[in-house]
Amino acid sequence: MKGNQLFPVFLKLNQLHTVIIGAGPVGLEKLHAVLNQSEQAGITVIAREISQQVYDLVAELPRVKLLKKSYSAADLEQADIVIAATNDNLLNEEIIRDAHALKLLVNVADKPDLCDFYLGSIVKKGDLKIAISTNGKSPTIAKRLRELFNDNLPGELDITLQQMSLLRNTLQGDFSSKVKKLNEVSAVLVEPAARKTSFPKFRWLIWLTIVLSIAVLITVFWQREPEFQAYVAEINPMFYWFLAGGFVFAMVDGAIGMSYGVTSTAFSLSMGIPPASASMGVHLSEVLSNGIAGWMHYRMGNINWKLFKLLIIPGILGAVTGAYLLSSLEHYGAYIKPLISLYTLILGGVILSKAFNVAKRRTGGKIKKITLLGLFGGFIDAVGGGGWGSIVLSSLIAGGRNARFSLGTVKLTRFFIALMSSLTFITMLKSAHWEAVAGLVIGSALAAPIAAKVSNRISVKSIMVAVGVIVILVSLRSIIIFITKVL
């Protein structure tokens, strides 16, 4: 029969019992595949020898049971799904016979002809899942297609899903009218190819017109207004460096959803800006972006208000305290600078680790000391020029908190953290490098409207690796210069 005859289904693994026979490298791979789709899946792993990696993977997963024993037909009596992951062909055939006798579906590792179902490559974007199948012909092609979708489907798709869910719950009328309204709202996702090809050209025409108009105005002012010439000539060149830097850092942040604070701070320190002024520039430029993001999450119902109340006051106290201390110790900037560089060096390593997915999974109980986390996160964020998201958000998610509600709550609280830090810096600093601060604020604001569009065309992993390496090198340079001066 020609073509792919498979029927795709999505199983509620948390309501089913999966039995995996084999706990070597192949068994570990199959176990990973199941747990990546549902950490609440009920699983029994049966093998005479169980690798240490399997023990480590399921250490904090109470619904996964390990049985170190030889396989027997009785092991399948409570099973709903069976996966044979052994290198013993005779044993695999025995498992198939026993499973079929109980009318169970079986997957046999690396034996497509013996499988009743395949474990396809999965693309995950929040609540969106796309399963890819090559009918068992080429798992490598399925893997490449998964990478293609992961790199090109925007993370904002999950936000769209949540918005559509909220809209669907508010619609009134009969089924037909609801479907019609939802079709109208979602039509933009499947607009005709003609509109997709013509609109970008029109959009670039608009941008070209704006750029040319600005160029003409500047030329006219330059030729006819001596005051304008004098004003431009007196602008500190550092403004233009930070204008470009702010633009690039905001574009990077739009592409990978992180690293604006650490890249901006590392760049500012390398340009000779004192730590307090560097942190102030970062926080001032983040007030608007986090305010918008927080408002969007509020509208979508992504705020855990209990968590918000636990974070906001300690976070502000920590941020104000950190900003106050950093501003008060401004005359010790030469000694504080290497400490901040050490902090950005560590964050650079964190970015690299995220790029290569080396962070260990943790599925333990929810983190309890929220107020202390907020206090510490706010303080470090103000002193180091960034880190509220990487410290607080990662800790909440790693501690078992819901990722969507944690993200929305952290984004909203970040607005207040950035605002209060900025006000403290402005009040405390007697002199600030305003040309650098202004360049950073304006540059990031200019990048904000187009960052998301451009980010969809760039490999996230490549950017994270590049950013991590650059931040580490810049931070090491500052530390080495300090050590050289001391010695």
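Reader: Is V262 buried or exposed in this model?
Author: The model is a predicted one. V262 lies in helix α10, residues 260-270. Its relative accessible area is 7%, and buried means under 20%. V262 is therefore buried.

Reader: What distance separates the C-alpha atoms of V262 and G348?
Author: Along the chain, V262 and G348 are 86 residues apart. In space, the separation of their C-alpha atoms is 7.7 Å.

Reader: How many of the residues of strand β2 are buried?
Author: Strand β2 covers residues 42-47. On one side G42, T44 and I46 are buried, and on the other side so are I43, V45 and A47. Both faces are thus covered, and the strand is largely enclosed by the rest of the structure because the buried residues number six of the six.

Reader: Which residue of β2 stands opposite V19?
Author: Strand β1, residues 17-21, pairs with β2 in the parallel sense. Five bridges join the two strands. The residue of β2 opposite V19 is T44.

Reader: Which residues form the uncovered face of strand β6?
Author: In a regular strand the side chains alternate between the two faces of the sheet. Strand β6 spans residues 121-125, and its covered face holds S121, V123 and K125. The uncovered face consists of I122 and K124.

Reader: Which residue takes a positive phi in the hairpin of β6 and β7?
Author: β6 and β7 (residues 128-132) run antiparallel and are joined by five bridges. K124 stands opposite K129 in β7. The hairpin has two residues between the strands, and the residue with a positive phi, near 65°, is G126.

Reader: Where does helix α12 bend?
Author: α12 has 24 residues, 305-328, and reaches 34 Å from its first C-alpha to its last, close to the 34 Å expected. The helix nevertheless bends by about 25°. A proline, P314, follows the bend within four residues. The bend is at L311.

Reader: Which residue caps the N-terminal end of α12?
Author: The cap is made by a side-chain oxygen that lies 3.2 Å from the backbone nitrogen of K306. That oxygen belongs to N304.

Reader: What kind of aromatic pair do W305 and F308 form?
Author: A search of the whole structure finds five aromatic pairs. The rings of W305 and F308 have centres 5.3 Å apart and planes at 75°. Planes over 60 degrees apart count as edge-to-face. The pair is therefore edge-to-face.

Reader: Why are W305 and F308 separated by about one helical turn?
Author: An α-helix has 3.6 residues a turn, so residues three or four places apart point the same way. W305 and F308 both belong to helix α12. W305 is partly exposed at 40% relative accessibility, whereas F308 is buried at 12%. The two are about one helical turn apart because their spacing in the helix is three residues.

Reader: How many residues apart in sequence are the parts that F308 and F416 tie together?
Author: F308 and F416 form an edge-to-face pair, 6.2 Å centre to centre with 70° between the planes. F308 lies in helix α12 and F416 in helix α16, so the pair ties together parts whose separation in sequence is 108 residues.

Reader: Which residues do ring pairs link into a cluster?
Author: F308 takes part in a pair with W305 and in another with F416. F416 counts as partly exposed, at 29% relative accessibility. The cluster is made up of W305, F308, F415 and F416.

Reader: How many salt bridges does the structure hold?
Author: K69 forms one with D75, with the closest N and O atoms 2.9 Å apart. E147 forms one with R144, at 3.0 Å. D381 and R414 meet in another, at 2.5 Å. The structure holds three.

Reader: Which residue of the salt bridge between K69 and D75 is buried?
Author: K69 counts as partly exposed because its relative accessibility is 30%. The relative accessible area of its partner is 17%, and buried means under 20%. The buried residue is D75.

Note on methods
Residues numbered from 1 in each chain as written. Predicted model: local features only at pLDDT ≥ 70, side-chain atom pairs only at ≥ 80, totals over all residues. Heavy atoms only, no water. Expected span 1.5 Å × (residues − 1). Bend = angle between axes of the 7 residues up to and from the residue. Polar contact = N/O pair within 3.5 Å; in protein donor to acceptor, adjacent residues only side chain to side chain. Buried < 20%, exposed > 50% of the residue type's maximum accessible area, 1.4 Å probe, protein only. Pairing = 2+ DSSP bridges. Salt bridge = Lys/Arg side-chain N within 4 Å of Asp/Glu carboxyl O. Phe/Tyr/Trp six-rings, centres within 6.5 Å; stacked < 30°, edge-to-face > 60°.
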